[in-house]
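Here is a briefing on aromatic rings and the charges that sit over them. Have the sequence and the model open side by side.

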Amino acid sequence: MSISAPKERTMRAKFALVCMLCQSEFAPALTYRCPECQGALEPRYDVSAMVRHDHADPEQVYFDLLPLTSRDFLDSGVTVRTPCRPAPRLGEAISVPGLWIKDESQQPTRTTKDRLASLVTAVLRQFGVKEFVGSSTGNSSTALARAVRMDPTMRARFFCGREFVDNHDIPQDNRTTLSVVDGSYVDASVEARRYAAEEGVHFDAGFFNWARREGLKLAYLEAFDAMDRTPDLVVQAISSGMGVLAAHKGAQEYLAMGELSRMPSFLMVQEESCSPSARGWQEGRTELAEADRIETPRGLATAILLGDASPYYPYLHSIAIATGGAIVSAAREDLLTARRLLSDLEDVDVCYASAAAIAAVRDRAATGQISPDQTVLVNLTGRSRMIDGL
Ligand SMILES: Cc1ncc(COP(=O)(O)O)c(C=O)c1O
Ligand SMILES: [Zn+2]
């Protein structure tokens with residue numbers, strides 16, 4: 001599978017939906033999969049027309065690169081701009097002096113998932129949808145619930161596996177509800193889909209929801225704008241990997257606009273105890289098999305404990321191949337160390353998913369796979385909303 005670069009477009013509509021696999025093009029609609037081949041759709045724009053707008057809301061700044069025809073669909077204050085800065089003390093400690101960190105833990109619900117919440121709700125408003133069903137390991141649903149509650153006309157129901165209840169912070173009333181399922185995140189997703197089909201309610205397609213990815217993209221556009229050079233390597237913890245797809249698309253757009261000088265490599269990180277995609281990558285496979293599925297994922301990095309990554313892996317594999325990147329895993333001990341180093345040296349408190357990204361950078365620098373002259377951008381995707389001391 002190969003993912004092609006966005007072409008300049010001449011069209012009257014602001015965007016078209018293009019299949020990432022077969023390149024078929026469709027008019028804007030609330031459709032997430034290609035009717036021809038089931039591939040993931042993505043919005044494409046005329047990037048030559050993009051202008052940044054001065055505004056406190058990131059979505060207004062980057063409005064020209066968002067799949068919205070009117071600014072009025074956006075709510076204000078769903079997300080904030082977050083700092084992206086060099087991390088010299090941690091960089092020195094792990095032999096990556098060119099380390100930069102983007103601190104998404106400063107978003108209102110403490111994770112980068114507020115980014116997706118702002119775009120999902122705006123796109124639903126654009127298409128006149130007022131109610132939806134979704135599922136996540138906790139952070140996405142929590143962020144979505146907050147965004148839903150900012151719009152008095154919107155409703156949402158979220159599903160989660162029993163072990164993930166504590167990762168959710170969702171008020172329970174007639175506007176937002178959390179339904180608990182015996183089983184894992186994958187089981188909760190199956191249940192959410194079934195419920196949506198039975199009740200005739202819109203189903204949020206997670207990874208395949210291009211609105212989610214377009215929202216997540218903004219963390220990266222901000223980071224690229226804050227940096228004084230193009231990063232050699234971009235690093236993020238992955239569950240489904242929609243954040244990395246978003247980052248890659250942002251980089252493609254910025255490359256086409258001349259805002260980046262070359263395409264960075266992408267390093268995707270899982271926790272070793274639940275790392276089906278890293279295993280597939282290590283074994284050189286282009287797809288995951290049934291045997292890769294982890295029935296009951298366990299680990300410290302609860303936000304990324306996804307046992308079945310098979311629908312998403314081909315897209316991640318393709319990005320790793322295209323950019324000279326990799327999909328790797330980090331051991332529990334290294335997550336603990338990375339989280340402590342970030343706190344001690346950079347005064348940033350993150351969750352173990354974010355720590356996994358730093359752990360992987362540390363490991364690859366120690367083994368010579370990242371050289372000291374490289375500029376490395378790590379997206380610290382969130383912090384824990386629970387009190388779990390270091
Ligand atoms: C804090 C944090 N980091 C990273 C991820 C990875 O998400 P994805 O790979 O689906 O973009 C998640 C997903 O829930 C998360 O909550
Ligand atoms: Zn297609």
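The points below cover ring pairs, burial and charges over rings.

This is a predicted model: local features need pLDDT of at least 70, side-chain atom pairs count only at pLDDT 80 or more, and totals for chains, interfaces and linings use all residues. Residues are numbered from 1 along each chain as its sequence is written, and side-chain values use heavy atoms, without hydrogens and water.

**Aromatic pairs**
- The whole structure holds 12 aromatic pairs (rings of Phe, Tyr and Trp, the latter by its six-membered ring, with centres within 6.5 Å; planes under 30 degrees apart are stacked, over 60 edge-to-face, the rest tilted).
- Phe15 and Tyr45 make a tilted pair, 6.4 Å centre to centre with 50 degrees between the planes.
- That pair links distant parts of the chain, 30 residues apart: Phe15 is in strand β1 (residues 15–19) and Tyr45 in strand β3 (residues 41–45). Strands are DSSP runs of E, at least two residues; helices are runs of H or I, at least four; both are numbered from the N terminus.
- Both rings, Phe15 and Tyr45, are buried (under 20% relative accessible area, 1.4 Å probe, protein chains only).
- Tyr220 and Phe224 are also a tilted pair, at 6.3 Å and 50 degrees.
- Both lie in helix α6 (residues 210–226), 4 residues apart, about one turn of the helix.
- Tyr220 is buried at 3% relative accessible area, and Phe224 is buried at 6%.

**Cluster**
- Phe15, Tyr32, Tyr45 and Trp210 form one aromatic cluster.

**Charges over rings**
- The charged end of Arg33 sits over the ring of Phe208, 3.7 Å from its centre (cut-offs: NZ of Lys or CZ of Arg within 6 Å of the ring centre and within 35 degrees of the ring normal).
- Arg339 lies over the face of Tyr352, 4.6 Å from the ring centre.

How values were computed: Chains are lettered from A and ligands numbered from 1 in the order in which they are written. Buried means under 20% relative accessible area, exposed over 50%, partly exposed in between (1.4 Å probe, protein chains only).
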